[in-house]
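Me: I have a model open and would like to talk through how its parts pack together. Could you start with the helices and then move to the interior?

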Amino acid sequence: MGSDSVQHGRLTRADLMSLEQYSTTRKEFRGRVLDHKRNRLIAIGPNVTWAFEDRLTIQYQVQEMLRVERIFEAAGIQDELDAYNPLIPDGSNWKVTFLIEFPDPEERKQRLAVMKGIEDRCWVQVEGLERSFAIADEDLERENEEKTSSVHFLRFELSAEMASKVKSGSPVKVGIDHPQYNFEVQLSSAQRDSLARDLA
């Protein structure tokens, strides 16, 4: 099983627990993952959350999928790994699951219609450097003619200079620059330090 210190590299079947193993350790493992995620969930304005993924958060998602679907055959496990491994940062980027949340279904429908293109207006910025805008939904198109999706997957590429400054403690802001949704947030030092571990 991968440890917290192993941030990079794709997951393989050898990194995963069997269904039986997972059922006995799930409570402890889940608690560790939720604690780890605390500094990796960033609220941007009232209706958007970014979940910065890494090897541990993706291992948890894969283990949960295998558990829910009762998948134990090698081919099925590999299918899940193939689906989720692209969400693990490569050492020069941050990978984000982007969630838009409006509890009321009618309001959600209306807001998603006017928020088209929001996934391309997401950015991260290291103090003193240019903003880096997201590369969105590389696996499949999530927007249609009427509206954007409530879930997107983002990749933020960081230059060597950006990565170096993040790791040395420079302030980091993240935000969305869209006509219908414009917010920015300065990361806390704990949030920034957690994300710095994604960078080689």
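Reply: Gladly, and please keep in mind that this is a predicted model. On one side of the helix contact, α1 contributes Leu19, Tyr22, Arg26, Phe29, Arg30, Arg32, Val33, His36 and Lys37, and these meet Leu56, Thr57, Gln59, Tyr60, Gln63, Glu64, Leu66 and Arg67 of α2.

Me: At what angle do the axes of α1 and α2 cross?
Reply: Helix α1 spans residues 19-37 and helix α2 residues 55-69, and their axes, which come within 10 Å, cross at roughly 145 degrees.

Me: And is that crossing of α1 and α2 left-handed or right-handed?
Reply: The α1 and α2 crossing is left-handed.

Me: OK, on to the interior. Which residues touch the most other members of the largest nonpolar core?
Reply: That core has 33 residues, and the ones touching the most other members are Trp50, Trp94, Phe98, Leu154, Phe156, Val174 and Ile176. Two or more residues each come from β1 (41-44), β2, β3, β4 (122-126), β7 (151-157), α5 (160-167), β8 (172-178) and α6 (189-196), with β3 giving the largest share, four residues.

Me: What else is in contact with valine 174, leaving aside neighbours within four places in sequence?
Reply: With those neighbours left out, valine 174 is in contact with Ile42, Ile44, Trp50, Phe52, Trp123, Val124, Phe183, Glu184, Val185 and Leu187. Apart from the largest core lies another one, of 11 residues, which includes Leu11, Ile77, Leu81 and Leu87.

Me: Changing topic, how many aromatic pairs are there?
Reply: The structure holds six aromatic pairs. One of them joins phenylalanine 52 and tryptophan 94 in an edge-to-face arrangement, with 5.9 Å from centre to centre and 85 degrees between the planes. This pair links distant parts of the chain, since phenylalanine 52 sits in strand β2 (residues 48-53) and tryptophan 94 in strand β3 (residues 93-100), 42 residues apart.

Me: Are phenylalanine 52 and tryptophan 94 buried or exposed?
Reply: Phenylalanine 52 and tryptophan 94 are both buried, and together with Trp50 and Phe156 they form one aromatic cluster.

Me: Which residue lies over the face of tryptophan 123?
Reply: Arginine 131 lies over that face, at 3.7 Å from the ring centre of tryptophan 123.

Me: Last one: why is lysine 173 classed as partly exposed?
Reply: Lysine 173 has a relative accessible area of 32%, and partly exposed covers the range between 20% and 50%, so lysine 173 counts as partly exposed. Lysine 173 belongs to strand β8, and its C-alpha atom is separated by 4.3 Å from that of glutamine 186, 13 residues apart along the chain.

Note on methods. Residues are numbered from 1 along each chain as its sequence is written. This is a predicted model: local features need pLDDT of at least 70, side-chain atom pairs count only at pLDDT 80 or more; totals for chains, interfaces and linings use all residues. Side-chain values use heavy atoms; hydrogens and water are left out. Rings of Phe, Tyr and Trp (its six-membered ring) pair if their centres lie within 6.5 Å; planes under 30 degrees apart count as stacked, over 60 as edge-to-face and the rest as tilted. Buried means under 20% relative accessible area, exposed over 50%, partly exposed in between (1.4 Å probe, protein chains only). A charge sits over a ring if NZ of Lys or CZ of Arg is within 6 Å of the ring centre and within 35 degrees of the ring normal. A nonpolar core is a set of buried Ala, Val, Leu, Ile, Met, Phe, Trp, Tyr and Cys residues joined through side-chain atoms within 4.5 Å. Contact means heavy atoms within 4.5 Å. Axes are lines fitted to C-alpha atoms, for helices over the stretch in contact, and angles run from 0 to 180 degrees between N-to-C directions. A crossing is left-handed if the near helix is turned anticlockwise from the far one by less than a right angle, and right-handed if clockwise.
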